[in-house]
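Hi,

Here's the structure I promised to pass on. Have a look at it first, and then read on for what turned up.

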2 protein chains.
Amino acid sequence: MDSLATARFRRFARAVTAEVGALDTSFLGRGRPLGAARVLNAIGAGRAEVGEIRAYLGLDSGLMSRLLRGLEEEGLVTTAPHPADARRRVASLTEAGRREFEAYEALSDARAVALLERASHADDLLRAMDRVALVLGQEAIAIQETDPTSEPARACLAAYYAELAARFAGGFDVALSCDPEAVDMVRPRGAFLIAVADGVPVGCVGLTGRGGPVAEIKRLWVDPAARGLGVAKRLMQAAESAARDLGIRTLRLDTNSALSEAMALYRRSGWVEIDRFNDDPYPDHFFEKAL
Amino acid sequence: MDSLATARFRRFARAVTAEVGALDTSFLGRGRPLGAARVLNAIGAGRAEVGEIRAYLGLDSGLMSRLLRGLEEEGLVTTAPHPADARRRVASLTEAGRREFEAYEALSDARAVALLERASHADDLLRAMDRVALVLGQEAIAIQETDPTSEPARACLAAYYAELAARFAGGFDVALSCDPEAVDMVRPRGAFLIAVADGVPVGCVGLTGRGGPVAEIKRLWVDPAARGLGVAKRLMQAAESAARDLGIRTLRLDTNSALSEAMALYRRSGWVEIDRFNDDPYPDHFFEKAL
DNA sequence: AGAGATATCTGACTAAAGTCAGGCATTATG
DNA sequence: CATAATGCCTGACTTTAGTCAGATATCTCT
C-alpha cells in the first residue's frame, strides 16, 4: 500500500463529501429535522418494520419511537402491529406521507441532475461512479427474475448489443443472429434474469427453452463497471438453477472467441466444448453442460 | 439526461456516504466533539484566518468563537490579531495542537488503508476514485514549479515512462532516448512543472534549456484520470510563460504519432511541424513555436 | 401456565449544535 | 473627524440528537 494511495483516497473523500454532503443536507429544507426526514425516507424506500429501520439508521430505540410519534402527529405515517408478531410494529406512509416522500425524492433527483449537468464529461464521470459504487457495495448486487421485455431487461440487452457491435471486428446486427423469442425466455419455457445494484440493472442472462429437455443460455452480459465482482458467475448459477426447476436436463450455448472473459468463465464452470449446433453467423465456439 | 443517470448517481451517493461518513465520524473517538475537531483540522490543513475557517465550515460566528475558545483552553490553538487588519484574527496550532492534528491525520490514513485493503480491485477502485475526484474538483488542480528530482516529479516521470512503454509498439527504453539532464530543467537553464490536485501529482512538463535562446519541451504527461480537463493545456501555457521569463525565443519538441492527443494539442496551440532535429529513435514528429 | 426473552414505548435526563441580539474594537469612507 | 461598516466576541436562548432506566405488551419454550 503506497503512501500515495491514502492521499488519493482522501482526495476522493474530500471531493465527494462536499457534493454528497450537499445531497444529504437536501433532506433539510422541508422544515423537518434530519432524523425525522431519514425515517420518513426509509419507510418510503420500502422498509416497513420499526426494528429494521432502527438497525438501518443506527438509532436508539427511544429516539426512534419519538421520531415515529412525531411523523404520526404530522399525519405522514401510520403504524400497526406486525400481523405475525404483535410486539413488532410496521410503519407505512399515509397519502400525505407519500406525497412528502416524493417531494424528497424529487429534491434528491434535482441535486443529482444539477451536479451531472455542471460536470464536464458526465458520461465518463458516471462510469467511474458506477465502478466505485459497485466495488464498495458489491454485496448489494441482487439477482432477480424478470420479464425479458421489461424496462431494465431492455436496457441490459441494448448495452449487450452495443458491446457486441464494438467488439466484433465486423460489427453486429441482431437481425442476422438467431434472436430468441421473448416467450421462450418466460416460464414455463425459459427465464430471464437480471443483476440489480440499488435499483440499477448491471447484468443479465437469458434461459431459452423450447419446451423440451434442452435449453440454451443466451445474452449473458455484465456492465463493465461490475466486472470482476463475480456477477456473471452468479447469473449463470441462477440460470442453471432455474433450468433445473423447469426440468431442463441439458444446457447449450454459443459464443465468440472475441468474448474471452465469457469463454474463460464457461471453461471454469463445467461447460464442455461441442460441435456447432446452429447456423448463426456470429458464434465460433459452442458449449454444453449436463445438469 | 436519462432517468437512469440520477439513479446511478444516487446509488453512488449511497455507497459512498456509508464509507466516507465513517471517515468523517473518525473525527470523533478523540474525546472532542465534531465541531471542535473540524476547526482544529481546518487550522492544521493551513487555514489560518478565523473568517476563512468560518466560511469553509459554514459556522455561525458565535459558535465559531466558542469553539476557538474551547481549543485555546485545551492549549491546542493560539490566536492573534491579523497584522494588516486588527479586526480579523489568525489562528495557529501550538506544539500540542500540531501533535493532536497529526493524530487525526493518522486516524484518517488508517481508515483509508483499511477500506482499500478490504476492497477487491483496489488499484482499479483508486483509478475510478481519481476520476471522480478530479472531475468533481477540477478547479482545485494547481500548476507549480518543482525540482525534477523531487518525489512528486519522479512519480510523474515513472508513470510517463510506463505509459510510453505501453503505447509504443516496440516498447520504450529511457536509456536509448535523448534524456535531458535534470540540471537543464532547473532555473536558470529551464524549469520543471507539475500539476497537483489536493496534494497528489497528476501531470508534468519539462522545459529543457541549454543556456541559449532555444529550449525544448519534454515529458509532457497527464494522469489518465485527469485527461480532458485542460491540464495539459495549462501545463504547456505555464511552460511557455516560464520560457519567456528565461529569455527563450524559440521552443521545440519531438513526439510520436502514437500520442495522438498530444499531437492534436500542439497543432491546436500554435505549434508548427518542422524537420527532424535530433536522432532520438522514438519520435517521428517534430514541432516548433516562436514566443 | 410460568419464566424468560423480545420489541417498543415513556420519562427524565445530557451534550452538541445552532440562533440571535447586542457589544466592542478597528477600519473604511465621505 | 464623524459615521458607517466590518470582524469577532458574549450572553441567553432553542432545537436536535442521543442516552438510560424502567414500564408494558407479547412471544417462545418448557
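Let's start with DNA strand D: in this predicted model, 20 residues sit around that strand, and the ones that come nearest are G35(A), A86(A), R87(A), R66(B) and R87(B). Both protein chains are on that list, as you can see.

Which parts of DNA strand D lie within 4 Å of the protein, going by atoms? Sugar or phosphate takes 68% of them, and bases make up the rest. The individual contacts give examples of each kind. On chain A, a polar backbone atom of A86(A) is 2.9 Å from a phosphate oxygen of DNA strand D. R87(A) uses its side chain instead, with a polar atom 3.4 Å from a sugar or linking oxygen of the strand. For a base contact, go to chain B: an N or O atom in the side chain of S61(B) is 3.3 Å from a base nitrogen of DNA strand D.

As for the elements behind this surface, two or more residues come from each of α2 (34-44), α4 (61-73) and β2 (85-93) in chain A, and from each of α3 (50-57), α4 (61-73) and β2 (85-93) in chain B. α4(B) has the largest share, five residues. By class, the surface near DNA strand D divides into six nonpolar, five polar and nine charged residues.

Now for the other DNA strand. DNA strand C is surrounded by 20 residues, and the closest are R66(A), R69(A), R87(A), A86(B) and R87(B). Of its atoms that come within 4 Å of the protein, 70% are accounted for by sugar and phosphate.

Three contacts to try in your viewer:

- R69(A): a polar side-chain atom lies 2.9 Å from a phosphate oxygen of DNA strand C.
- R87(A): an N or O atom of the side chain is 3.2 Å from a sugar or linking oxygen of DNA strand C.
- R66(B): an N or O atom of the side chain is 3.2 Å from a base oxygen of DNA strand C.

R87(A) is worth a second look, since its side chain has a polar contact with a sugar or linking oxygen of DNA strand D and also one with DNA strand C.

Around DNA strand C, at least two residues each are supplied by α3 (50-57), α4 and β2 of chain A, and by α2 (34-44), α4 and β2 of chain B. Here α4(A) gives the most, with five residues. The class count is six nonpolar, five polar and nine charged.

How are the two protein chains related? A turn of 179° and a shift of 0.1 Å along the axis lay chain B on chain A with an RMSD of 0.5 Å. That is how a two-fold axis relates two copies. If you want to find the axis on screen, go to A128(B): its C-alpha is the one in chain B nearest the axis, at 2.4 Å. The copies meet through the same surface, because 100% of the interface residues of chain B are interface residues in chain A too.

Then there's the sheet. In chain A, seven strands make an open sheet with mixed pairing, in the order β3-β4-β5-β6-β7-β9-β8. β3 (141-145) and β8 (272-274) of chain A are at the edges with a single partner strand each, so one side of each has no neighbour in the sheet. From one strand to the next, the twist averages 30°. At the β8 edge, β8(A) pairs with β9 (residues 285-290) of chain A in the antiparallel sense, over three bridges, and I274(A) stands opposite F286(A). Helix α9 (residues 260-268) of chain A packs on this sheet, where it touches β6 (214-222), β7 (250-255), β8 and β9 and runs at about 30° to the direction of β9(A).

Chain B has an open, mixed sheet of seven strands too, again ordered β3-β4-β5-β6-β7-β9-β8. There, V272(B) has E288(B) in β9(B) as its bridge partner. Two helices to check against that sheet are α7 and α8 of chain B. Helix α7 (residues 151-167) touches β4 (191-197), β5 (200-209) and β6 (214-222), at about 80° to the direction of β6(B). Helix α8 (residues 231-245) touches β3, β4, β5, β6, β7 (250-255) and β9, and its direction makes about 155° with that of β6(B).

Cheers

Methods:
Residues numbered from 1 in each chain as written. Chains lettered and ligands numbered in written order. Heavy atoms only, no water. Least-squares fit on C-alpha atoms with pLDDT ≥ 70 in both. Contact = heavy atoms within 4.5 Å. Pairing = 2+ DSSP bridges. Helix = DSSP H or I, 4+ residues; strand = E, 2+ residues; numbered from the N terminus. Axes fitted to C-alpha atoms, helices over the stretch in contact; angles between N-to-C directions. Near = heavy atom within 4 Å. Polar contact = N/O pair within 3.5 Å; in protein donor to acceptor, adjacent residues only side chain to side chain. Nonpolar A, V, L, I, M, F, W, Y, C, P; charged D, E, K, R; others polar.
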